[in-house]
Amino acid sequence: TLDMSDAGKAIFNGGATFASDVVITLAGNSDNLTLTSTDADASSGPNLNLYRNSGSPADNDEVANIAFNGRNDNSQDVKYVEIEAYIRDASDGTEDGMVKFSRCRLQS
């Protein structure tokens, strides 16, 4: 159910699935995306799940990537920091992963 009654805000009461890219653009410095859990038990929350569902997972596949981009004082796009996650071993029963943190340079 899509409820648009709250001052033009979209409220998805049953979750949402998007089959294409989603872009959120705001003109201010407030939080652009907030995940809120109101659960009162001792379990974790909120949770963010980056899930790669490959049909043929293999060792050294990149699972997820988070890039921290911005502009420098010459109006050039710069990837300042990057977090990458990889499958080190995709073998059933011996699965291993790796996370790589990188400081980056000017993008061409």
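These exercises work through the strands and salt bridges of a predicted model.

**Exercise 1.** State which elements make up the protein, and in what order.

*Solution.*
Step 1. Count the elements. The protein has five strands and zero helices.
Step 2. Read from the N terminus. The order is β-β-β-β-β.

**Exercise 2.** Describe how E4 and E5 are joined.

*Solution.*
Step 1. Find the direction. E4 and E5 run antiparallel.
Step 2. Count the bridges. Eight of them join the two strands.
Step 3. Pick out one facing pair. Ala85 stands opposite Val99 in E5.
Step 4. Look at the turn. Six residues lie between the strands of this hairpin. Gly93 takes a positive phi there, near 95°.

**Exercise 3.** Find how many salt bridges the whole structure holds, then work through each pair.

*Solution.*
Step 1. Take the total. The search finds three salt bridges. The cut-off to apply is a nitrogen-to-oxygen distance within 4 Å.
Step 2. Take Arg71 and Asp77. Their closest N and O atoms are 2.7 Å apart, so the pair falls within the 4 Å cut-off.
Step 3. Take Lys79 and Glu82. Here the closest N and O atoms are 3.2 Å apart.
Step 4. Take Lys100 and Glu84. The closest N and O atoms are 3.8 Å apart. Lys100 lies in strand E5 (residues 96–103) and Glu84 in strand E4 (residues 77–89), so this pair ties together parts that are 16 residues apart in sequence.

**Exercise 4.** Sort the salt-bridge residues: which are buried, partly exposed or exposed?

*Solution.*
Step 1. Set the limits. Buried means under 20% relative accessible area, and exposed means over 50%. Partly exposed lies in between.
Step 2. Sort the first pair. Arg71 has 54% relative accessibility, so Arg71 is exposed. Asp77 has 43% and is partly exposed.
Step 3. Sort the second pair. Lys79 is partly exposed at 22%. Glu82 is buried, because its relative accessibility is 11%.
Step 4. Sort the third pair. Lys100 is partly exposed at 39%. Glu84, at 9%, counts as buried.

**Exercise 5.** Describe the burial, surface and contacts of the whole protein.

*Solution.*
Step 1. Start with burial. Buried residues make up 8% of the 108 residues.
Step 2. Turn to the surface. The protein exposes about 9400 Å². Carbon and sulfur atoms supply 47% of that area.
Step 3. Finish with contacts. Consider those with a separation of 6 or more. Residues 24 or more positions apart account for 26% of these contacts.

Terms used
Residues are numbered from 1 along each chain as its sequence is written. This is a predicted model: local features need pLDDT of at least 70, side-chain atom pairs count only at pLDDT 80 or more; totals for chains, interfaces and linings use all residues. Side-chain values use heavy atoms; hydrogens and water are left out. A salt bridge is a side-chain nitrogen of Lys or Arg within 4 Å of a carboxyl oxygen of Asp or Glu. Buried means under 20% relative accessible area, exposed over 50%, partly exposed in between (1.4 Å probe, protein chains only). Helices (H or I, at least four residues) and strands (E, at least two) are DSSP runs, numbered from the N terminus. Two strands pair if DSSP finds at least two bridges between them. Contact means heavy atoms within 4.5 Å. Accessible areas come from the Shrake-Rupley method with a 1.4 Å probe; for residues, only the protein chains shown count as cover.
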